[in-house]
Amino acid sequence: MLLDHLNHKLQAIAAQDLTRVLRVAESATAPTQTVRGAGDSAREMLMFCSNDYLGLAAHPQLAEAFVGGVRRYGAGSGASPLISGHGLAHEQLEQALAEWMAPQIPQAQALFFCSGYMANMAVLSVLGDAEAEIFSDELNHASIIDGARLAKAPVQRYAHCDVAALQALLAASTAKIKLIVTDAVFSMDGDMAPLDQLLALAEAHDAWLIVDDAHGFGVLGPQGRGTPALFGLCSERLIVMGTLGKAAGVAGAFVAAHPTITQSLLQAGRTYIFTTAPPPAMAHALLTSLQLMASEEGEQRRANLKRLQVQLRKGIAHLLADYPQLGWQLVPSDTQVQALIIGENAATMRLAARLDAAGLRVPGIRPPTVPKGTARLRITLCATHTEADIQRLLQALNEAAAELASELP
Ligand SMILES: *Cc1c(COP(=O)(O)O)cnc(C)c1O
C-alpha cells in the first residue's frame, strides 16, 4: 500500500520531468571532476555547479589540517555538544568565528552547528516565539522557510528585496519582537539583499536582522569577511548565519550574534542540543579555512573569481545580443552565482542536456525551486576555474544558442 502510494507519486514527478537524479563524483572536489551518472560510465566533466567558491575543499593545506585534526582528536565527537561532544577544537573555532564577526556585531559570540540548514532551524524556531513576527524575503532559502514553519511566530513574506513593502509590513506590525530574515546573496539568482537598507529599517522599527550569508561568507567583503562586511554594517541587531561547507571548503555552519542570542540558541536550539557535535577534526580544519580565507592567497583567489565573473558576464552579454530571438536573460548579479534565465522547463533541460553531452555540468533549475516561467541555468564559478574553462562554457553556450535559434519558426 505504501509502496503503491509512493510509486504513484514518483510517477507524477516523472511525468512532469521533475525527477532528480543522483550523480557520483569519483574524484576530489574541483572544477574538473570524474562524474558517474545514472547508468552512465564515469566521464570527466567541467563543473559549474559547486559551491566550493574559493576552491578550498581539496586545498592540500586544508586536507592536511583535517588529517592533523583526526590524528589529534580521532574521528568522532562522541556526543551532542552539551553532553561531551564540545571539544577544544570546537571552542577554538567558535572563538575564531566570534572574532571574525566582531567588526560587524559588537561583542559577537558564535555557535558552531552541523549544517546551515540546522542553524537556520534553530535561529528561527528559538527567536520566532509566540511574541514575535517573522518578515521573510519571498526568495529565501528552503532552510529559512522550514525554520519559519517550526516557529510559533506568524510569518509575513515580502516581495523580493522590496524595502518599501517590508517597511509597510513593519509599520503595521504590533508584534513585540520583529525579525527580518534574508539571504545575503540569493542562491538561485546571485543578487544581493540591500542589507544596509534592511538594517536601517530594523533600527527604525525596533526589529532584528537575520542574515543568511551562505554564499557571501569567505567570498565578499574585505578578507572575505562576508556580505555584512561588504556593506560595512555594524550593529547589535545583526544575527549572521554563515555556512562552512561552501567557500570555507569543509562543512557545518555558525551563528554569530549578541551573547544573549547565542546563549538562547544553546539553551533552546533543538538542532544544536539534540544532535551529535560535528567531528572535532572538522572544527580543527576550519581554523585553517579561516586563515586561508583571510590570507594573501585568499585575496588572490577572490580576485580571480571576480575576473572570471566579469569574463562570463561579458561573454553572455555578447551571446544575448547575437540571439535576442531566444529571449534568454542574464540576471543582474555581482557575485559568483550567475543565472541565465531560459524560461520554459523543457527548453532549459534540453540546453542543460546539450551542455552535459559536451562535458559541461551546468544545472538547469526549474519550478518550484524558482518561479514559474523562469527556469534557468545556474552557473556557479570557483576561484580555481581558469579563463579557458569560462571560454569553453561560452563556446558551448554559443553553439547551443545557434542551433536553438535555427529551430525557431
Ligand atoms: C546552502 C545553504 C544553506 C544550508 O547550508 P548547509 O550547511 O548546506 O546546510 C542555507 N542557506 C542558504 C542560502 C544556502 O545556500
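**Entry 1: Arg-301**

I began with the contacts of Arg-301 in this predicted model, and I found that, leaving aside residues up to four places away in sequence, Arg-301 touches Leu-54, Gly-55, Leu-56, His-59, Ala-383 and Thr-384. I then looked up where Arg-301 sits, and noted that Arg-301 lies in helix H13. Is Arg-301 buried or exposed? The relative accessible area of Arg-301 is 18%, and since buried means under 20%, I wrote Arg-301 down as buried.

**Entry 2: H13 and H15**

Staying with H13, which covers residues 296–322, I looked at helix H15 (residues 387–407), and noted that the two axes come within 10 Å and cross at roughly 15 degrees. Angles under 35 degrees count as roughly parallel, and H13 and H15 are therefore roughly parallel to each other. I also recorded that the crossing of H13 and H15 is right-handed. On the H13 side of the contact I listed Leu-308, Gln-311, Leu-312, Gly-315, Ile-316 and Leu-319, and these meet residues of H15 including Ile-390, Leu-394, Leu-397 and Ala-401. Sorted by class, the residues of this contact between H13 and H15 are 9 nonpolar, 4 polar and 1 charged.

**Entry 3: H5 and H10**

For a second helix pair I chose helix H5 (residues 116–127) and helix H10 (residues 259–268), whose axes are 10 Å apart and which pack at an angle of about 100 degrees. That angle makes H5 roughly perpendicular to H10. In the contact, Ala-122, Val-123, Val-126 and Leu-127 of H5 meet Ile-261, Ser-264, Leu-265 and Ala-268 of H10, and by class I noted 7 nonpolar residues, 1 polar residue and no charged ones.

**Entry 4: Trp-100**

Next I turned to Trp-100, which has its place in helix H4 (residues 88–101). Trp-100 is buried, with a relative accessible area of 5%. Which residues does Trp-100 touch, not counting residues up to four places away in sequence? I listed Phe-217, Gln-223, Gly-224, Arg-225, Leu-290, Met-293 and Ala-294. I paused over Arg-225, as Trp-100 and Arg-225 are 125 residues apart along the chain, while their C-alpha atoms are separated by 7.1 Å.

**Entry 5: strands S1, S2 and S3**

I then followed strand S2 (residues 32–36), where the side chains alternate: Gln-33 and Val-35 point to one face and are buried, whereas Thr-32, Thr-34 and Arg-36 point to the other face and are not. Strand S1 (residues 24–25) runs antiparallel to S2 and is joined to S2 by 2 bridges, with Val-24 opposite Arg-36. The hairpin of S1 and S2 has 6 residues between the strands. Strand S3 (residues 43–47) also pairs with S2 in the antiparallel sense, over 4 bridges, and Val-35 stands opposite Arg-43 in S3. In the hairpin of S2 and S3 I noted that Gly-39 takes a positive phi near 80 degrees.

**Entry 6: the open sheet**

Last, I looked up the open sheet, in which 7 strands follow the order S4-S10-S9-S8-S7-S5-S6 with mixed pairing. The edge strands are S4 (109–113) and S6 (155–158), each of which pairs on one side only, and the twist averages 20 degrees from one strand to the next. Within the sheet, strand S7 (residues 177–183) and strand S8 (residues 207–212) run parallel and are joined by 6 bridges, and Asp-183 stands opposite Asp-212 in S8. Helix H8 (residues 195–204) lies across S6, S7 and S8, and runs at about 155 degrees to S8.

Technical notes
Residues numbered from 1 in each chain as written. Predicted model: local features only at pLDDT ≥ 70, side-chain atom pairs only at ≥ 80, totals over all residues. Heavy atoms only, no water. Axes fitted to C-alpha atoms, helices over the stretch in contact; angles between N-to-C directions. Parallel < 35°, antiparallel > 145°, perpendicular 65-115°, else oblique. Left-handed = near helix turned anticlockwise from the far one by under 90°. Contact = heavy atoms within 4.5 Å. Nonpolar A, V, L, I, M, F, W, Y, C, P; charged D, E, K, R; others polar. Buried < 20%, exposed > 50% of the residue type's maximum accessible area, 1.4 Å probe, protein only. Pairing = 2+ DSSP bridges.
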